[in-house]
Amino acid sequence: MFFSVVIPTYNRKPILEKCLRALEEQHLSAGSVVRGYDVVLVDDGSTDGTLEWLEAHSTEFPHVRSLSQDHQGPAAARNLGVKKATGDTIVFIDSDLVVTENFLQAHANALVEGYSTVGSDRLFTYGRVINTCNFDHPTAEPYKVTDFSAAYFATGNVAIARHWLEEAGLFDTRFQLYGWEDLELGVRLKKFGLKLIKSPDAVGYHWHPPFSLEQIDSAIDREIQRGRMGVLFYQKHPTWEVRMMIQMTGLHRLLWGLLSLGGRLNESTMAPFLQALIDRGKPQLALEIARIFLNWYNVRAVYAAYAQMQPQK
């Protein structure tokens, strides 16, 4: 097999450098089924000098091929990457993910074992994603319970035969805002009967800056976007499973409404408490508590978007 690692990026130059350097340091075992790999980086209209930096340092990244497009979102960026890829096997990661040196070999091992077990390539492998705030040494972070994901198909760390993506129709480019474009493709892949194979040795460290109050406005905006895109997801797949995923149920409305006291616990009223946790060196705990009102924003955005799509009487 030949791997093409497809990475969409948008204004993430500092962590992108670590991401690409880690991919240049891949170790493939002797006799590996992997004939080689390339990295297809799709810049989604960055304004932070990403492409200029990469051109100036191109000799340091011999595996990288860079493409660019106007800002259209990760769905369109990944589609462009797949279309321009040379590999028969596509690996998706995000540009804020730093992988270990045996990352690609681990995916290859899991794929080969899966082919033998399933009897075909009707499968994909899903690696482990560990969240970290440690920019200098992202791979030093241990695995935590909060790193567990029950997603069927998420593009943070996944490897799949290219032809399945093409047969499923690639990503829906109507998902231009934040969220759901990968899980929606997963619903279509599941209809082909593809089996998820866990590959815990294919580890990627997902970096994000420590939580601060300055991030709250953008976090709220992401939840509102995620709500709107969730309704698009439901329009395409109007099932109870999708309703649960996008939090469009009475249970979610009741739960987050109660926990946020009907919105009274919000970014303003909780700011002093969140800042106190941050000052005590507990930014992750502050973020988890902030999710109370962030989820309430999400649920309200889902129902608002759903109401807008209903025919007017």
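Here is a short walk through a predicted model of one protein chain, from the whole fold down to a few residues.

**Stop one: the whole chain**

Start with the cartoon view and colour by secondary structure. You should be looking at eleven helices and eight strands. The radius of gyration comes out at 20 Å, close to the 20 Å that the globule rule gives for 313 residues, so the chain is as compact as a globular protein of that length. Now switch to the C-alpha trace and turn it along its principal axes: the spans are about 60 × 45 × 35 Å.

How much of the chain is buried? Of the 313 residues, 51% are. If you draw contacts between residues at least 6 apart in sequence, 80% of them join residues at least 24 apart.

**Stop two: the surface and its charges**

Put a surface on. The chain exposes about 15000 Å², and 54% of that area is supplied by carbon and sulfur atoms. Next, colour the charged side chains: there are 31 positive and 35 negative ones. The centres of those two sets sit 9 Å apart.

**Stop three: the cysteines**

Select the cysteines and show their sulfurs. How many disulfides does the structure hold? Zero. Take Cys 19: the nearest cysteine sulfur belongs to Cys 133, and that is 17 Å away. Go over to Cys 133 and look back; its closest cysteine sulfur is the one in Cys 19, and at 17 Å that is too far for a bond, given that a disulfide needs the sulfurs within 2.5 Å.

Buried or exposed, where does Cys 19 fall? Cys 19 is buried, because its relative accessibility is 0%, and the cut-off for buried is under 20%. Cys 133 has a relative accessible area of 29%, so it counts as partly exposed.

**Stop four: Ala 85**

Now select Ala 85 and zoom in. You'll find this residue in the loop that links helix H3 (74-84) to strand S4 (89-93). Although in a loop, Ala 85 counts as buried, since its relative accessible area is 8%.

What is Ala 85 in contact with, once its neighbours within four places in sequence are left aside? Show side chains for Ser 4, Val 40, Arg 65, Ile 90 and Arg 162, and you have the list.

For a last look, keep Ala 85 and Ser 4 on screen and draw a distance between their C-alpha atoms. The label should read 6.0 Å, for two residues that are 81 residues apart along the chain.

Definitions and conventions:
Residues are numbered from 1 along each chain as its sequence is written. This is a predicted model: local features need pLDDT of at least 70, side-chain atom pairs count only at pLDDT 80 or more; totals for chains, interfaces and linings use all residues. Side-chain values use heavy atoms; hydrogens and water are left out. Helices (H or I, at least four residues) and strands (E, at least two) are DSSP runs, numbered from the N terminus. The radius of gyration is taken over C-alpha atoms; the globule rule is 2.2 Å times the number of residues to the power 0.38. Buried means under 20% relative accessible area, exposed over 50%, partly exposed in between (1.4 Å probe, protein chains only). Contact means heavy atoms within 4.5 Å. Accessible areas come from the Shrake-Rupley method with a 1.4 Å probe; for residues, only the protein chains shown count as cover. Lys and Arg count as positive and Asp and Glu as negative; His and the chain ends are not counted. The place of a charge is taken as NZ of Lys, CZ of Arg, CG of Asp or CD of Glu.
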